[in-house]
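Thanks for making time this morning. I would like to take you through one protein model, so please bring it up on your own screens as well.

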Amino acid sequence: MPTPSLAVLPIRRLTLRDLTACADLSEDRGWPREEHKWGLLLTAGKGYGIDDPHGGLVTACVVTEYGPYSEPDLGAIGMVLVAERHARQGIGRRLMRHVLSAMGTTPLTLHATPYGRPLYEELGFKLTGRVEMLQGHFTPGGPAPMVSTRAATAEDLATILRLDEEVLGTDRTHLITRVPAFADQLRVAEESGRIIGYAAAWPNMNTHVVGPLIARDTETAQALLTSLAAGTDRPLRTDIDVRHEELRAWATERGLAPVGLNSVMTFGIPELPGDWSRRFAPLTVAAL
């Protein structure tokens, strides 16, 4: 039988049962398999994909919605992938148009690689910022942080959720409540018994990714990052908003080398909501 045209293959919702196929697709494009991250995204978000008649997936992506369940006020698109053998045939464009239609009037955001940015600009996404990926073994040094940090407890979760919504400008409860089980470390920064920041370190292949990183100021962010680094022997990776120049320079001095820039893009809103000055790093560039 002839192979059906890619243009007529149906786009369907992905579930956790598709995790291995999604990881295979990542590997096909030279990305890490990132099964741990795929598991989070497929349960906290909505996956979309096209099945390959010969097995596996032709393409996939995940949309994580925030705000009221019935009427989200923001959606983050991530993990947009097309199998190498089907690249440059308009499949990614078709999948993205499907997602835009499915999301209706909901504002959207994504982190674009230099390779993907032209497609998103064609679809109407606008550049609103950049994040720099840093990675390496953290080397302690310099003055000891003056901000106090400790491991988060179950009693802290309600406060963390309130702080997160205040800083992000949208409710991420369904995502953040998964972080304690998803991450190897979750820590808070305190001042006079009041939580002024929080951060997590979660396993991704051979690294620990630091994110989210929410902090009152740069000093608090440094204290949280330092405390997370003390709890692991793995290299750290994080994606820092380029406007946080002081933290980026400090992290570089501590051994985290720049490895790439991604563009923050939005659709339907001029910029992301919330307070960028306290939003240092996302949970993952595939979500928010």
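I will begin with the annotation, go on to the cores and the helices, and finish with some individual residues.

Please keep in mind throughout that this is a predicted model. The unreviewed UniProt entry carries a domain annotation, "N-acetyltransferase", over residues 9-151, and in the model the end C-alpha atoms of that span lie 48 Å apart, with 27% of the span in helix and 34% in strand.

Let me turn to the interior. The largest nonpolar core has 44 residues, and the members that touch the most others are Trp-38 and Tyr-198. Another core lies apart from that one and has 25 residues, including Val-58, Val-80, Tyr-120 and Met-265.

If you look for Trp-38, you will find it among the buried residues of helix H2, together with Lys-37, Gly-39, Leu-40, Leu-41, Leu-42 and Ala-44, so that helix, running from residue 35 to 44, is mostly covered, with seven of its 10 residues buried under the cut-off of 20% relative accessible area.

What does Tyr-198 contact, once its neighbours within four places in sequence are left aside? The partners include Ile-160, Leu-163, Ile-176, Leu-186, Val-188, Ile-214 and Leu-224, but also the residues Asp-164, Arg-172 and Arg-187. Pro-212 is another of the contacts of Tyr-198, and this proline, which is found in strand E10, residues 207-215, is joined to Gly-211 by a cis peptide bond with omega at about 0°.

Leu-224, also in contact with Tyr-198, is one of the buried residues of H8. Helix H8 covers residues 218-229, and its 12 residues reach 16 Å from the first C-alpha to the last, close to the 16 Å expected at 1.5 Å a residue. H8 is mostly covered, since 10 of its 12 residues are buried, among them Thr-218, Gln-222 and Ser-227 alongside several alanines and leucines.

How do H8 and H9 lie relative to one another, in terms of the angle at which their axes cross? The two axes come within 10 Å and cross at roughly 30°, and the crossing is right-handed. On the H8 side, Thr-218, Ala-221, Gln-222, Leu-225 and Thr-226 take part, and they meet Glu-246, Leu-247 and Trp-250 in H9.

Just ahead of H9 in the sequence is Val-242, placed in the loop between strand E11 (236-241) and helix H9 (245-253). Is Val-242 buried, partly exposed or exposed? Its relative accessibility is 22%, and because the buried class ends at 20%, Val-242 counts as partly exposed. Beyond its sequence neighbours within four places, Val-242 is in contact with Arg-130, Val-131, Glu-132, Arg-248 and Leu-261; for Leu-261, which is 19 residues away along the chain, the C-alpha separation from Val-242 is 9.0 Å.

Finally, I would like to point to two residues with positive phi that are not glycine. Arg-88 has a phi near 60° and is found in the loop between strand E4 (74-82) and helix H3 (91-103), where its relative accessible area of 64% makes it exposed. Ser-192 has a phi of about 55° and is found in the loop between strands E8 (185-191) and E9 (194-204); at 80% relative accessibility, Ser-192 also counts as exposed.

How values were computed. Residues numbered from 1 in each chain as written. Predicted model: local features only at pLDDT ≥ 70, side-chain atom pairs only at ≥ 80, totals over all residues. Heavy atoms only, no water. UniProt positions renumbered as here; feature names shortened; annotations may be inferred. Helix = DSSP H or I, 4+ residues; strand = E, 2+ residues; numbered from the N terminus. Buried < 20%, exposed > 50% of the residue type's maximum accessible area, 1.4 Å probe, protein only. Contact = heavy atoms within 4.5 Å. Core = buried A, V, L, I, M, F, W, Y, C linked by side-chain atoms within 4.5 Å. Expected span 1.5 Å × (residues − 1). Axes fitted to C-alpha atoms, helices over the stretch in contact; angles between N-to-C directions. Left-handed = near helix turned anticlockwise from the far one by under 90°.
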